[in-house]
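Biologist: Please take a close look at one part for me: the empty space. Which residues surround it, and what does each wall contain?

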Amino acid sequence: MSYDIAVIPGDGIGNEVVDATESLMVDLAADYGVDIQTTEFDWGSERYLEEGALMPEDGLGTLEDFDSILLGAVGHPEVPDHVTLRNLRLPITKGFNQHICKRPSYLFEGVESPLRGYSGGDIDLVVYRQNTEGEYADVGGREHQGFQNEVAVQSAVYTREGTEAIVRAAFEAATERSGKLTNITKSNAQAYGMVFWDEVVEEIGEEYPDVTVERLLVDAGSMDFVRRPDEFDVVVASNLFGDILTDIGGIISGSLGIAPSTNINPSGEYPSMFEPVHGSAFDIMGEGIANPVGMLLSMSLMFEHLEEEDIAEALWNGVGDQLADPEAPRTPDIGGNATTLDVAGDLESRLL
Ligand code: GGG
């Protein structure tokens, strides 16, 4: 089997975690008889600063023929965040109908949670975040800028296609896991979009009578991610709420640096994209101490999506064994003093 993978390291530590892990991914796949051809694109904020665009105009056309996309991170201290996000990551997720953002939060053996009383395996949940619309819809505008009557409008958009796609994916996951789904919204305050969302959950839920559905408002849901994370299994949430909940999920599982993420096109018409949850991390970029685990686990999820289960499992379990080993190098975010390259190199010697 052979796959063409587009690699967009992007900004900041995105470059560092991609550089440290790309050859490991290719070599591990080769050990399983799978040929990975990577093509790297220098798209990102440096390109924007030099040429005025984060990616070329026909960027999606270029990516369309790849089997998958790997993204490092986006975000640059000299470029406003809404410019970076709206001109690289969002055009890809929206343009390729990558409705499904699946983000597991798993507390690995050997990783310390900031929560008292939680250890390896106690946190094991997965958030299904709607990924193409909701609060991230590019609908709104500004008028009378700089005047007293200045106005800014930002609308959230929920389509039946986008909502059904994420809700169905979450029910499928709940069926495969423990049979429990938590639907997190804010329907009391968002009485159009999120009441519609709840209705879709109820409608699709009728097709999954064995799945128990819990409903929480996002304020209570956020609190309960900290208070009782062990009671969550599959969670479904809108774009913005899912983003916030998965930062909480990452940190209660030890570090945002180990959290993986997927952007799945459910029809398979377009490539899906895989990236760590973390951003470009201005505070540590250039220091070589970013945790490569989020990237490695995202690669594992990519192999799972490509139905290369053996490679996915080898990578996931290899990372798990490494984290469980008190002698193994670890980066500062999880209590060590090793570099990105130390960690990737050690994993390489374990897996290859
Ligand atoms: N690798 C993920 C990344 O770079 N994220 C940057 C970011 O700001 N993302 C916003 C979002 O996913 O909502």
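**Cavities, pockets and the ligand**

Modeller: Start with the largest cavity, where strand E4 gives the largest share of the lining, 3 residues. Keep in mind that this is a predicted model. E4 covers residues 100–106. Helix H8, residues 239–252, is also in the wall: E4 and H8 each supply at least two residues.

The largest cavity holds about 70 Å³. Its lining has 13 residues, and Pro-104, Ser-105, Tyr-106, Ile-258 and Pro-260 come closest to the centre. By class, 8 of the lining residues are nonpolar and 5 polar, with no charged residue.

How many cavities of 30 Å³ or more does the search of the whole structure find? There are 2. The second largest cavity has about 50 Å³ of space. Its wall is made of Asn-291, Val-293, Gln-322, Leu-323, Pro-329, Arg-330, Thr-331, Ile-334 and Val-343. These split into 5 nonpolar, 3 polar and 1 charged.

Now the pockets. The largest pocket has a volume of about 940 Å³. It is lined by 35 residues, with Lys-102, Tyr-128, Leu-301, Glu-304 and His-305 closest to its centre. E4 appears here too. Strand E4, strand E5 (124–130), helix H5 (160–176), helix H9 (293–305) and helix H10 (309–324) each give at least two residues to the wall. The lining counts 17 nonpolar, 8 polar and 10 charged residues. Domain 1 (1–100 + 260–352) and domain 2 (124–252) each contribute at least three residues to it.

The second largest pocket has a volume of about 700 Å³. Its lining has 32 residues, and nearest the centre are Val-74, Val-277, His-278, Gly-279 and Ser-280. At least two lining residues come from each of strand E3 (68–73), helix H4 (81–95), helix H8 (239–252) and strand E12 (272–276). H4 gives the most, with 4 residues. By class, the wall is 14 nonpolar, 9 polar and 9 charged. Why does this pocket lie between two domains? Both domain 1 and domain 2 give residues to its lining, so the pocket sits between them.

The ligand comes next. It is surrounded by 13 residues, the closest being Val-74, Arg-129, Tyr-136, Pro-276 and His-278. Val-74 and His-278 are also among the residues nearest the centre of the second largest pocket. What are the polar partners? Tyr-136 has a side-chain N or O atom 2.5 Å from an oxygen atom of the ligand. Gly-72 places a backbone N or O atom 3.0 Å from a ligand nitrogen. Asp-243 brings a polar side-chain atom to 3.3 Å from a ligand oxygen.

Last, the annotation. UniProt, in an unreviewed entry, lists residues 4–347 as "domain: Isopropylmalate dehydrogenase-like". That span is 40% helix and 22% strand, and its end C-alpha atoms lie 24 Å apart.

Terms used. Residues are numbered from 1 along each chain as its sequence is written. This is a predicted model: local features need pLDDT of at least 70, side-chain atom pairs count only at pLDDT 80 or more; totals for chains, interfaces and linings use all residues. Side-chain values use heavy atoms; hydrogens and water are left out. On a 1 Å grid over the protein atoms alone, a cavity is a set of points where a 1.4 Å probe fits but cannot get out, and a pocket is an open set with protein on both sides within 12 Å along at least five of seven lines; lining residues have an atom within 4 Å of a point. Grid points are joined across faces, edges and corners, and a volume is the space filled by probe spheres set on the points. Ala, Val, Leu, Ile, Met, Phe, Trp, Tyr, Cys and Pro count as nonpolar, Asp, Glu, Lys and Arg as charged, and the others, Gly among them, as polar. Domain bounds come from an automatic or database domain assignment. UniProt positions are given in the numbering used here, feature names are shortened, and annotations may be inferred rather than shown by experiment. A residue is near a molecule or strand if one of its heavy atoms lies within 4 Å of it. A polar contact is a pair of N or O atoms within 3.5 Å; within protein, one must be able to donate a hydrogen and the other to accept it, and residues adjacent in sequence count only if both atoms are side-chain atoms.
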